[in-house]
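Trainee: Before I use any of these labels at the bench, I want to know what each one rests on. Can we go through them?

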Amino acid sequence: MTKTKEHNTTATAVYGSEEMVRPAPTMTIPETMTPPEVAYRMVKDETYAQTQPRLNLATFVTTYMDDYATRLMNEAIAVNYIDQTEYPRVAVMTSRCINIIANLWNSPEKGESKTGAVGIGSSEACMLGGVAAWLRWRERRLKAGKSVDKPNLVMSSGMQVVWEKFCQLWQIELRQVPLTSENRTLSPKEAIKMCDENTICVVPIAGVTWTGLNDDVEALDKELDKFNKETGYEIPIHVDAASGGFILPFVSPETKWDFRLKWVMSISTSGHKFGLVYPGLGWVVWRDRTLLPKEMSFSVNYLGAEVTQVGLNFSRPAAQILGQYYNFIRLGREGYRSIQQNSMEIARYCHERIGKMRCFENYSKEVVNPLFIWSLKEEYNKSAKWTLYDLQAALQQSGWMVPAYTLPKNIDDIVVMRIVVRQGMSRDMADMLLRDIENAVHEFEKLQYPTTSRLQYEKQEKQRGKVFTH
Ligand SMILES: *Cc1c(COP(=O)(O)O)cnc(C)c1O
């Protein structure tokens, strides 16, 4: 195979090259060079999307931006956010984005600039919100001469995995309020029962990843206010608004879930979800400067500039920040409102149509974010020969990515399917999807024998005492 160099010339066709009949490197760096066209094809071919990104209804993350936004971001592909000597305006633009987002969330903070930080996604933003709450709790406890070895955090079992990571990495006890068939969102009363002097914060979710529902932050705030008054604690709220942070301000401005509420001290969101920017971008905002512990700001002298940074990373791409600021200018409140309302309308349309199908049942009556889940009707499920996993596989054949999964523990006997409607999903596409669902179900109903996934599902559920009728 060392004859590569003699054999390959600039005239060699990509797929006629030696490299294309060799296994790809998996362990060691190749000894010799590879022509760029060939290297490009090898990487490109390996990363072929398994589904059309636009037909991927599983992801929350932006898969469409307009041509100018795409151009702007491509042109900034080499810009490092931290290099403020070379690109001083990027930091300015970041503060502007934080100001705009803080104002969307009704920040009461006075002055020229609001307190917040940029992250790679909500995960980093959630962690920063969590760390700040933990440090504030620590400081208060230490001042009072109390122990700081048993911090805990309270949220519903409908949390996203980042909170498990946060609690594990910072060694904080995660207290989960179970979602049940009665409490489909975080129950404020149950949450309060889990709070004590060691609770660093309660984390309601605006746009629960599993269900698409919103925790009732206003009701939680009221309960927490009572509890804090009775006990003298100062347990704050961090809202994980990964999706809701860019939905509620536009489609439901009257809903109080943000800094209008007394105990909401910080909020995080994903710029790359309904902020409508390509990945990865997240934001966190604090109610005011006093809530951001000084231990979290790091000042460094970097390439001649004094850079103060709050974040888990140092270098990071700046293109997403440009994309976010572009969106704010390009779309304005009006543009965001009409895009989010379209997504809501299409989600509601799919929700209604799916709810009318004989075999399905929606998990909730209303659609409060542009996503929803449904399951097989209980009666239908007793004698069905297929599962939603089969439907997922059938839809994949037409390019759709519609995930089926089980809900969190306590309600993990329910298999659901979820659709996230993002910018780029039209009514026509929704109709195609619904037709594909109907056709797939039609085929399943002709089955004589249960599918493998059905047999597996029944075997598992029978162990929990569920009865099937075939
Ligand atoms: C998506 C999501 C996250 C994590 O966000 P990333 O932007 O993917 O890091 C956290 N919380 C909730 C509720 C989410 O939906």
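**Ligand shell and domain interface**

Mentor: Start with the ligand. The model is predicted. Around the ligand there are 13 residues, and Ser-123, Asp-240, Ser-270, His-272 and Lys-273 come nearest.

Trainee: What makes Ser-270 a polar contact of the ligand?

Mentor: A polar side-chain atom of Ser-270 lies 2.8 Å from an oxygen atom of the ligand. The cut-off is within 3.5 Å, so the pair counts.

Trainee: Which part of Ser-122 approaches the ligand, backbone or side chain?

Mentor: Backbone. A polar backbone atom of Ser-122 is 2.8 Å from an oxygen atom of the ligand. Lys-273 uses a polar side-chain atom, also with 2.8 Å to a ligand oxygen. The protein covers 89% of the 380 Å² of accessible area that the ligand has on its own.

Trainee: How many residues of the ligand shell are polar?

Mentor: The shell has 8 polar residues, with 3 nonpolar and 2 charged.

Trainee: Now the domains. Where do they run?

Mentor: Domain 1 is 5-49, domain 2 is 70-328 and domain 3 is 340-462. The centres of domain 2 and domain 3 are 32 Å apart, over C-alpha atoms.

Trainee: How do you know that domain 2 and domain 3 touch?

Mentor: Contact requires heavy atoms within 4.5 Å. Domain 2 gives 23 residues to the contact and domain 3 gives 24. So the two domains do touch.

Trainee: What is buried there, and what share comes from carbon and sulfur?

Mentor: About 1900 Å² is buried between domain 2 and domain 3, and carbon and sulfur atoms give 61% of that. The domain 2 side has 11 nonpolar, 11 polar and 1 charged residues.

Trainee: How many salt bridges and polar contacts cross the interface?

Mentor: The rule finds 0 salt bridges between domain 2 and domain 3. Polar contact is counted for 7 residue pairs.

Methods. Residues are numbered from 1 along each chain as its sequence is written. This is a predicted model: local features need pLDDT of at least 70, side-chain atom pairs count only at pLDDT 80 or more; totals for chains, interfaces and linings use all residues. Side-chain values use heavy atoms; hydrogens and water are left out. Domain bounds come from an automatic or database domain assignment. Buried area is the accessible area (1.4 Å probe) that two parts lose on being put together, summed over both. A salt bridge is a side-chain nitrogen of Lys or Arg within 4 Å of a carboxyl oxygen of Asp or Glu. A polar contact is a pair of N or O atoms within 3.5 Å; within protein, one must be able to donate a hydrogen and the other to accept it, and residues adjacent in sequence count only if both atoms are side-chain atoms. Ala, Val, Leu, Ile, Met, Phe, Trp, Tyr, Cys and Pro count as nonpolar, Asp, Glu, Lys and Arg as charged, and the others, Gly among them, as polar. A residue is near a molecule or strand if one of its heavy atoms lies within 4 Å of it. Accessible areas come from the Shrake-Rupley method with a 1.4 Å probe; for residues, only the protein chains shown count as cover.
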